[in-house]
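User: I am in my first year and would like a close look at one part of this structure, namely the last helix. Could you take me through that part slowly, and then place it within the whole?

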Amino acid sequence: MQIRRAVATNVNMPVFCLESLVLNKDTLIRLAIAKNPNAPANILAKLINDKDDDVRLAAISNSNNLLSRKVLKKLTKHKNIKIVIAARKALGIDKKISIAD
């Protein structure tokens, strides 16, 4: 597991290595991939549908912000308010948000 986590966090790792780990059962590996600034959009798109909220949030908040505006706009309607806030932030929407939004 430690080797896989190291691969997932390595910013110089080839995309095919990250792709081979994106469905790994270890949440920490998927979280590391979601945080990896070199994770491509297709991998981040898979991770925004992850069963773990932290993985989804990391994918949305990835520093490369490679997710399409269409995907991010869809996430602004998500049931989890943390995901809504992260998606709005990635879109550059600064307006205050309440639970009622």
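Analyst: What follows describes the last helix, then the core, and then the salt bridges elsewhere in the chain.

The model is a predicted one, and its protein chain holds seven helices and zero strands, so the pattern read along the sequence is α-α-α-α-α-α-α. The helix you ask about is α7, which covers residues 81-91. At its start, a side-chain oxygen of Asn80 comes to within 2.8 Å of the backbone nitrogen of Lys82, and just after the helix, Gly92 adopts a positive phi of about 85°.

Between these two ends, the buried residues of α7 are Ile83, Val84, Ala86, Ala87, Arg88, Ala90 and Leu91. Buried here means that a residue has under 20% relative accessible area. The buried residues of α7 pack against two other helices, α5 (53-60) and α6 (69-75).

One residue to follow from here is Ile60, whose contacts include Ile83, Ala86, Ala87 and Ala90, and also Ile48, Leu67, Leu72 and Leu75, when residues up to four places away in sequence are not counted. In the largest nonpolar core, which has 29 residues, Ile60 is one of the three that touch the most other members, together with Ile33 and Leu47. Each of the helices α1 (2-9), α2 (15-21), α3 (27-35), α4 (41-47), α5, α6 and α7 supplies at least two residues of this core.

Helix α5, against which α7 packs, also holds a salt bridge of its own, in which the side chains of Asp53 and Arg56 meet at 1.9 Å, N to O. These two residues lie three apart in α5, about one turn of the helix; Arg56 is buried, with a relative accessible area of 12%, whereas Asp53, at 31%, counts as partly exposed.

A search of the whole structure finds three salt bridges. Another of them pairs Arg30 with Asp50, with the closest N and O atoms 2.5 Å apart; because Arg30 lies in helix α3 and Asp50 in the loop between α4 and α5, this pair ties together parts that are 20 residues apart in sequence. Both Arg30 and Asp50 are buried.

For the chain as a whole, buried residues make up 41% of the 101 residues. A compact globule with 101 residues would have a radius of gyration near 13 Å, and the 14 Å of this protein chain agrees with that, while the C-alpha trace spans about 45 × 20 × 15 Å along its principal axes.

Conventions:
Residues are numbered from 1 along each chain as its sequence is written. This is a predicted model: local features need pLDDT of at least 70, side-chain atom pairs count only at pLDDT 80 or more; totals for chains, interfaces and linings use all residues. Side-chain values use heavy atoms; hydrogens and water are left out. Buried means under 20% relative accessible area, exposed over 50%, partly exposed in between (1.4 Å probe, protein chains only). Helices (H or I, at least four residues) and strands (E, at least two) are DSSP runs, numbered from the N terminus. Contact means heavy atoms within 4.5 Å. A polar contact is a pair of N or O atoms within 3.5 Å; within protein, one must be able to donate a hydrogen and the other to accept it, and residues adjacent in sequence count only if both atoms are side-chain atoms. A nonpolar core is a set of buried Ala, Val, Leu, Ile, Met, Phe, Trp, Tyr and Cys residues joined through side-chain atoms within 4.5 Å. The radius of gyration is taken over C-alpha atoms; the globule rule is 2.2 Å times the number of residues to the power 0.38. A salt bridge is a side-chain nitrogen of Lys or Arg within 4 Å of a carboxyl oxygen of Asp or Glu.
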